[in-house]
Number of protein chains: 2
Amino acid sequence: MLTIKDVAKQANVSEGTVDRVIHNRGGVSKKTEQKILRILQENNFKLNPIASALALKKKYVIATLVPKFDRENVFWESPHMGIMKALSEVESYGIQIKDHSFDQFDTDSYLSEFERILKTRPDVVILVPMFIEQTKEIANRLDHEGIPYMFLNIDLEGLNNICFIGQDSYMGGYVAGKLMCLSLGKGDGCVTVRTRSNITNYHAIYKRMEGFNRYLESSCENKIVNLDLKVDNLNDTGTVKETLEKFLIDNVHIKGIYVPSSRTSVIAECLDVAFHKRVKIIGFDTTPQNIHCMERDQIQFLISQRSFNQGYEAVRTMSDYLIHRKTPVKRIYSPIQIIMKENLAYNDRNKLSFQSENAKVG
Amino acid sequence: MLTIKDVAKQANVSEGTVDRVIHNRGGVSKKTEQKILRILQENNFKLNPIASALALKKKYVIATLVPKFDRENVFWESPHMGIMKALSEVESYGIQIKDHSFDQFDTDSYLSEFERILKTRPDVVILVPMFIEQTKEIANRLDHEGIPYMFLNIDLEGLNNICFIGQDSYMGGYVAGKLMCLSLGKGDGCVTVRTRSNITNYHAIYKRMEGFNRYLESSCENKIVNLDLKVDNLNDTGTVKETLEKFLIDNVHIKGIYVPSSRTSVIAECLDVAFHKRVKIIGFDTTPQNIHCMERDQIQFLISQRSFNQGYEAVRTMSDYLIHRKTPVKRIYSPIQIIMKENLAYNDRNKLSFQSENAKVG
DNA sequence: ATAAAAAGTGTGTGCGTACACGAAAATCTG
DNA sequence: CAGATTTTCGTGTACGCACACACTTTTTAT
């Protein structure tokens, strides 16, 4: 492998001059520059990224703004772990992460946590744009301050984010629709369970419903009819159970339940065995609770989005952007994974191995 | 971040001594060692992997032995690209790759290429154990020479490989069985297409058939019967078409075709439109040809295994093993991905982005 | 006291980065 | 046009951190 020293020797200049040519720092005569560039190209010179990283003592700060996770809402733990995994890989390149979290049901906490971020003046921000209006405001401020930002998991259009990493929600719903059609027979129907508490994260949920309905209308041979059931509060399992079972008793042709959110397990767990024999549940994301239900045959399909990887890639992408000035593509779509009991165990190995690594340390 | 220098200062010894404690090189009195270890632990000291990599000028050679790919058998291109992608990431750590390939229908080329590998005396070998008997011989030789080796994509039991990376073929078939059941109705049947030319790669194919049959027997409500159809030579599309269409005409209840190999497209492409309306095809791997068929609704499902990632992870795992002495887990299972037309586009982004990166350069 | 083994030190190396500084050329001043 | 000043071009080198080998000092055995 050719080194800067070698190039310098060949060009009869010093290492410093070669370095300045490589990084376009100026202060080199055109003649020398051409000569050096020629040597670089002819030998297909590549910087040794290791040595480069070591010498580069510049520090970068990435701020993250991601919803809190807790026992009830565990989904966001996974991207957060991905972020931490990526951090462990890039921190020796001078990348620091200041992670901030907010209550996904409270716009104020979203904004106030953002204010804190601004004060620390990070180099870039990775955020989950949970609320539309507030995000517009935030984006505006960031544009004004000249701080680049990327959206994680949720996509909002018309803003100047340099990148989005996440699933195409519409197609996620579309795939769910196909799976529902496959699972049901002629004359069967299904129901979409909507929760008021999820209106905050309206965009993704809405797109998932839209895609689902579109498939049912356009491509389903059996002409399956999809009804709508509103549930007020998912934490009040008693009422959920009551509402749902009453609905199922009133509508005997319903053989499928579609839950366009990651809290599918709440629906699955409140149903009695008899109903599980009758209805297939299709939902989203492989949270521990959902996995638990799936293992016990209470959930038929989950559409998963490698959320661990989303966090991981977000940080890696931003690090590349900061260190190597590599502008990312505008949208990085996560795969639409179809998870069922039989392939569940082979999913998300990255996350699992990261967990066990950390377990060893702690 | 604490450095070796800091630790040395704290412990009143030189950097060299700290280094020897960290790497257990010996030559340090117990007293000093304890003192240093205490400081390391208390401050949760971690080596700077960047500096470490730079200082370590040891070179490692990884030899790979993977089937050739060409227009007819394009599957193996994908793991090979993964290998190259990983190489680009680790070559500055002193990792070199000598890649060797063999004809997957010719045991002699397998063995002779292996002989060449042995002569170069690599530090480790990554190989696709395509032939059982010959692989036993190879494994023996490697054991004898003390060269560690790992299996890629195909698993053979009872040998001393330090690791296997690939799919659980049995479960892959099992999942295919479930998808077949979902796709067919009561009274329908399906057929498994076997090719003689694939007997070489007997193991994986066999396991896929086994898993498929097991699902049909044990868990399929509709009691779908699976027949067997042998096809001599997949390259002779005329005969394949004839055999297959005759079979389908003779067995009108057959509504599904199961192809337990990556050359699913060959079957799909030889069928006339009329048959495509009637039968659903389920196969393996997202080769360009298979993708092409799927986009045109000629293939219903593909079980995919992230083969690009298999190659990638194989090299990364071995690099970790060589550089950090990190012993890998015995089996690293790839996900069992369910691919259909609707989620096809979101699959294997890694591979695509690697392709486009290389396109820019070339 | 001397040899031998053990313990510990000092330093050059890997490679790119960036700054302080030197040299040469170009521009300006009277 | 001599001399001073600025600009342009280029050099030299300390630094980041771990590694490993040659070397010196201390301890132990003889």
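I began at DNA strand D and found a polar side-chain atom of B:D19 lying 2.9 Å from one of its phosphate oxygens. I note that this is a predicted model.

I then looked up other phosphate contacts. An N or O atom in the side chain of B:H23 is 3.2 Å from a phosphate oxygen of DNA strand D. For B:N48, a polar backbone atom is 3.3 Å from a phosphate oxygen of that strand.

I listed the 25 residues around DNA strand D; A:S29, A:T32, B:I4, B:H23 and B:S52 come nearest. By type, the residues of this surface are 11 nonpolar, 10 polar and 4 charged. Helix 2 (15–22) and helix 4 (49–55) of chain A, and helix 4 (49–55) of chain B, each supply at least two of them. On the DNA side, sugar or phosphate accounts for 76% of the strand D atoms within 4 Å of the protein, and bases for the rest.

Next I checked how the chains are related. Chain A superposes on chain B by a rotation of 180° with 0.0 Å of shift along its axis, at RMSD 0.2 Å. This is therefore the relation of a two-fold axis. Both copies use the same surface, since 100% of the contact residues of chain A recur in chain B.

Last, I looked at the cores. The largest nonpolar core has 48 residues, and A:L179 and B:L179 touch the most other members. Helices 8 and 9 and strands 9 and 10 of both chains each supply at least two residues of this core. Leaving out residues up to four places away in sequence, I find A:L179 touching A:I282, A:F301, A:I303, A:I338 and B:M340. A second, separate core of 47 residues includes A:A63, A:F164, A:I165 and A:A314.

Terms used. Residues numbered from 1 in each chain as written. Chains lettered and ligands numbered in written order. Predicted model: local features only at pLDDT ≥ 70, side-chain atom pairs only at ≥ 80, totals over all residues. Heavy atoms only, no water. Least-squares fit on C-alpha atoms with pLDDT ≥ 70 in both. Contact = heavy atoms within 4.5 Å. Core = buried A, V, L, I, M, F, W, Y, C linked by side-chain atoms within 4.5 Å. Buried < 20%, exposed > 50% of the residue type's maximum accessible area, 1.4 Å probe, protein only. Helix = DSSP H or I, 4+ residues; strand = E, 2+ residues; numbered from the N terminus. Near = heavy atom within 4 Å. Polar contact = N/O pair within 3.5 Å; in protein donor to acceptor, adjacent residues only side chain to side chain. Nonpolar A, V, L, I, M, F, W, Y, C, P; charged D, E, K, R; others polar.
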